[in-house]
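These are my notes on how the helices pack and what sits between them. I start with the pairs of helices and then turn to single residues.

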Amino acid sequence: MRTRDESRQSILDRVDNWAQTLGVRPRVVRVQRMTRKWGSCSTSGIITLAIDLADQEPGFQDFVIAHELLHLRVPNHGKLFRALMTVHVPGWTKYHAARKRLAYVSKCMFD
């Protein structure tokens with residue numbers, strides 16, 4: 001099992017790769033314990049990701065990271081946002097459908 005620092009660095013490395021791919025620059029990236037969701041993006045450009053995202057499969061990590069980073073370009077979940085998700089993370093809808101189940105299973109481990 002990874003240490004907390006290794007998990008954090010793993011996520012930050014993925015964020016750097018995705019930010020380059022998507023052509024965005026988050027102002028700040030935070031990796032911390034989150035109990036209700038996998039990530040968020042503030043209007044001021046702060047991306048926050050759950051530390052236990054590092055324990056999920058790579059495809060799900062990509063879905064969450066790309067989703068939050070794309071909000072730096074498109075602030076809503078409209079047609080453009082969904083089209084960009086489809087271009088960059090093919091098959092993302094299966095992760096979208098599973099995200100709450102995955103959150104429940106993962107988050108229960110910490111309670």
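Entry 1. At what angle do helix α1 and α2 pack, and how far apart are their axes? I looked this up in what is a predicted model. Helix α1, residues 4-22, packs on α2 at about 55°, and the two axes lie 10 Å apart. Oblique covers angles that are neither under 35 degrees, nor over 145, nor from 65 to 115, so α1 is oblique to α2. The crossing of α1 over α2 is right-handed.

I then listed the residues in that contact. From α1 come Ile11, Arg14, Val15, Trp18, Ala19 and Leu22. They meet Pro58, Gln61, Asp62, Ile65, Ala66, Leu69 and Leu70 of α2. By class, I have 10 nonpolar residues, one polar and two charged in the contact of α1 with α2.

Entry 2. How do α2 and α3 cross? Helix α3 spans residues 79-88, and its axis comes within 10 Å of that of α2, at a crossing angle of roughly 140°. Angles over 145 degrees would count as roughly antiparallel, and α2 and α3 are therefore oblique to each other. I noted a right-handed crossing for α2 and α3. On the α2 side the contact uses Phe63, Ala66, His67 and Leu70, and on the α3 side Phe81, Leu84 and Met85. I have six nonpolar residues, one polar and no charged in the contact of α2 with α3.

Entry 3. Is histidine 67 buried or exposed? Histidine 67 has 11% relative accessibility, so I enter this residue as buried; the cut-off for buried is under 20%. Its place is in helix α2, residues 58-70. Leaving out residues up to four places away in sequence, I find histidine 67 touching Asp62, His77, Phe81 and Met85. Phe81 and Met85 are also on the α3 side of the contact in entry 2.

Entry 4. Which residues touch the most other members of the largest nonpolar core? They are Leu49, Leu53, Phe63 and Leu69, in a core of 29 residues. The elements giving two or more residues to this core are α1, β3 (46-50), α2, α3 and α4 (92-108). Helix α2 gives the largest share, seven residues.

I followed leucine 53 further. With residues up to four places away in sequence left out, leucine 53 touches Ile11, Trp38, Phe60, Gln61, Val64 and Ile65. Of these, Ile11 is on the α1 side of the contact between α1 and α2, and Gln61 and Ile65 are on the α2 side.

Entry 5. Where does alanine 50 lie? Alanine 50 is in strand β3. Its relative accessible area is 0%, so alanine 50 counts as buried. I also checked the spacing to arginine 33: the C-alpha atoms of the two residues are 5.3 Å apart, although 17 residues separate them along the chain.

Entry 6. Last, I looked up the whole chain. How many helices and strands does the protein chain have? I count four helices and three strands. Starting at the N terminus, the order of elements is α-β-β-β-α-α-α. The protein chain has 111 residues, and 43% of them count as buried. Among contacts with a separation of 6 or more, 51% are between residues 24 or more positions apart.

Technical notes. Residues numbered from 1 in each chain as written. Predicted model: local features only at pLDDT ≥ 70, side-chain atom pairs only at ≥ 80, totals over all residues. Heavy atoms only, no water. Buried < 20%, exposed > 50% of the residue type's maximum accessible area, 1.4 Å probe, protein only. Contact = heavy atoms within 4.5 Å. Axes fitted to C-alpha atoms, helices over the stretch in contact; angles between N-to-C directions. Left-handed = near helix turned anticlockwise from the far one by under 90°. Nonpolar A, V, L, I, M, F, W, Y, C, P; charged D, E, K, R; others polar. Core = buried A, V, L, I, M, F, W, Y, C linked by side-chain atoms within 4.5 Å.
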